[in-house]
Amino acid sequence: MYRSHNCGELNASNINTEVTLAGWVQKSRDKGFMNWVDLRDRYGITQLIFDESRTDTTVFELAKTLGREFVIQVKGTVIEREAKNKNIPTGEIEILVSELTILNSALTPPFTIEDETDGGEDIRMKYRYLDIRRNPVKNSLLFRHKVAMEVRKYLSDLDFCEVETPYLIKSTPEGARDFVVPSRMNEGQFYALPQSPQTFKQLLMVGGMDKYFQIVKCFRDEDLRADRQPEFTQIDCEMAFVEQEDILNIFEGLTRHLLKEIKGIEVDKFPRITYDYAMKTYGNDKPDIRFGMKFGELNEFAQHKEFPVFNAAELVVGIAVPGAGNYTRKEIDGLIDWVKRPQVGASGMVYVKCNEDGTFKSSVDKFYDQQDLTNWAKATEAKPGDMIFVLSGPANKTRAQLSALRMELATRLGLRNPEEFAPLWVVDFPLLEFDEESGRYHAMHHPFTSPKPEDIALLETAPGKVRANAYDMVLNGNEIGGGSIRIHDKATQQLMFKYLGFTEEEAKAQFGFLMDAFQFGAPPHGGLAFGLDRLVAILGGQETIRDFIAFPKNNSGRDVMIDAPAAIDDSQLKELSIKLDLK
């Protein structure tokens, strides 16, 4: 038995108890006649004491050789601590050590294993196994486990069955590039790693499983960022004999359950807004509603006033920034430079100060009078003391630019409190979106999303206006889940493939197995998938998902700890019938 207790559980009730502990040396303090060692494991820290007058000489001298991160086992007696530490659960006691065994020595770690470490991100990624010993990462992984267990409990209690689906599948067009795996036994052919278990969960509904879920790895070969990894985890769910309302209620219930059990927060029924409303009011389809600054469209009040920039624009739109009326010219110029950055792409910005006396001062006073600016204030719901910022240009591009500015201002103003949670549903997405590069329509979600029955006729005349039976759950400005009611009959699925530009032969080659299955009595079905990594990070009050993943990859998709991806030797390439062309 290496330990009778862990390093986080002993307290004053254990005084005079003989115990055995094991763990890592956090630090030691040698005072000559007295030596204190902080012993750490996953559960906490316990202070050990080696006393020259009370500890065996051999043990006392051995304790002086201990270095940081040595793995040791000790036996001793729990005694009351003279200088108590109220900041840790074990702060009332210490262990008077009678036996010491060094289980393993350790090199000096390349960074301090402390909550506030001196190690940069690159070095901590290289030695991730050491980084995991730090409380912030360790606690993030434990937090993720707690969320996953609550998900499993909630869904299992509703008769969902967890079913595993394959990782080696067929490449299908689902929006991102596939990771592919060569098959040695089938020369010249490749598996793909699943971007999601989409077709398999639909086949499980055809198979009569009725309620399926899976906490599953998915793989997408796409550009990375703070909340995206090449391999990520979904809470993947599907149900048979359901309509959209059934799915929204169940998974709103799951999210409400997680907020209550994990964060102790009660949330009322989630607001629902349409995709069109989200885009016109917030400039994106995943709005953060913890704060206001709704868009106000100003074409009616800003055009035909001899200001050519606005007159030539498809859209003139503004937001009112609370309390920003006292911004200096330097601060305003800084924001104008910010929206002109290539990442945002605006050509300029107009501003209006809403003075406390009800008057206005703007950068375009030459063209607009006080009544015009009063109308702008009404449209943006601006109040005295606020500042209105206005952008103009092509509608979609301008909304995206103003959305970026809205989020930046909210961050600067401290309006994005990570401990405040504002979930909502976005519904009625377009079924299709037009891709200028390819010159044809693509599925906005995936090819199996059902159109609204009343919009099917528009596929022939106005495909861009067809709404999907699709929905996203948004939390604090992040899409944390999305799904749809699926097409469950072969005729509608064939129609969808047609409008996506698939020939009959292409559709059969890619999805023939699914089309065949639909002929054997496919029930109406639909589902939803949550991004577990992102959900956990938001619940944990973080912007990045990396600390909630045990072994993440960097922004180049590399695992710098094991140095992957890596080249393989020529014999492996030959066995797989692969030749490299790296010109």
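A residue counts as buried when its relative accessible area is under 20%. The views below show a predicted model.

**View 1. An edge-to-face pair of phenylalanine rings, Phe160 and Phe251.** At 0% relative accessibility, Phe251 falls under the 20% cut-off and therefore counts as buried. Phe160, with a relative accessibility of 5%, counts as buried as well. Their ring centres lie 6.1 Å apart, with 70° between the planes. Phe160 belongs to the loop between helix 4 (135–157) and strand 6 (161–162), whereas Phe251 is part of helix 6 (residues 244–263); the pair thus links distant parts of the chain, 91 residues apart. The structure holds 17 aromatic pairs.

**View 2. An aromatic cluster that includes Phe307 and Phe310.** The ring centres of Phe307 and Phe310 are 4.8 Å apart and the planes stand at 85°, so this pair is edge-to-face. Both Phe307 and Phe310 are buried. Together with Phe367, Tyr368 and Trp376, these two residues form one aromatic cluster.

**View 3. A closed barrel of five strands.** The strands run in the order 1-2-3-5-4, and their pairing is mixed. On average, neighbouring strands of this sheet are turned by 55° against each other, direction ignored. Strand 1 (residues 18–30) pairs with strand 4 (residues 71–80) in the antiparallel sense, over seven bridges. Within this pairing, Val19 stands opposite Gly76 of strand 4.

**View 4. A network of salt bridges around Asp131 and Arg134.** The side chains of Arg134 and Asp131 meet in a salt bridge, with an N to O distance of 2.7 Å. Both of these residues are buried. The network links them with Arg124, Arg128 and Asp547. Over the whole structure, a search finds 37 salt bridges.

**View 5. A salt bridge between Glu238 and Lys201.** The two side chains meet at 3.7 Å, N to O. Because Glu238 lies in strand 10 (residues 231–240) and Lys201 in helix 5 (residues 198–206), the pair ties together parts that are 37 residues apart in sequence. Glu238 is buried, with a relative accessible area of 0%, and Lys201 is also buried, at 2%.

**View 6. A salt bridge within helix 10, between Arg329 and Asp333.** The closest N and O atoms of the two residues are 2.9 Å apart. Arg329 and Asp333 are four residues apart in helix 10 (residues 329–340), and so are separated by about one helical turn. Asp333 is partly exposed, with a relative accessible area of 29%.

Methods
Residues are numbered from 1 along each chain as its sequence is written. This is a predicted model: local features need pLDDT of at least 70, side-chain atom pairs count only at pLDDT 80 or more; totals for chains, interfaces and linings use all residues. Side-chain values use heavy atoms; hydrogens and water are left out. Two strands pair if DSSP finds at least two bridges between them. Helices (H or I, at least four residues) and strands (E, at least two) are DSSP runs, numbered from the N terminus. Axes are lines fitted to C-alpha atoms, for helices over the stretch in contact, and angles run from 0 to 180 degrees between N-to-C directions. Rings of Phe, Tyr and Trp (its six-membered ring) pair if their centres lie within 6.5 Å; planes under 30 degrees apart count as stacked, over 60 as edge-to-face and the rest as tilted. Buried means under 20% relative accessible area, exposed over 50%, partly exposed in between (1.4 Å probe, protein chains only). A salt bridge is a side-chain nitrogen of Lys or Arg within 4 Å of a carboxyl oxygen of Asp or Glu.
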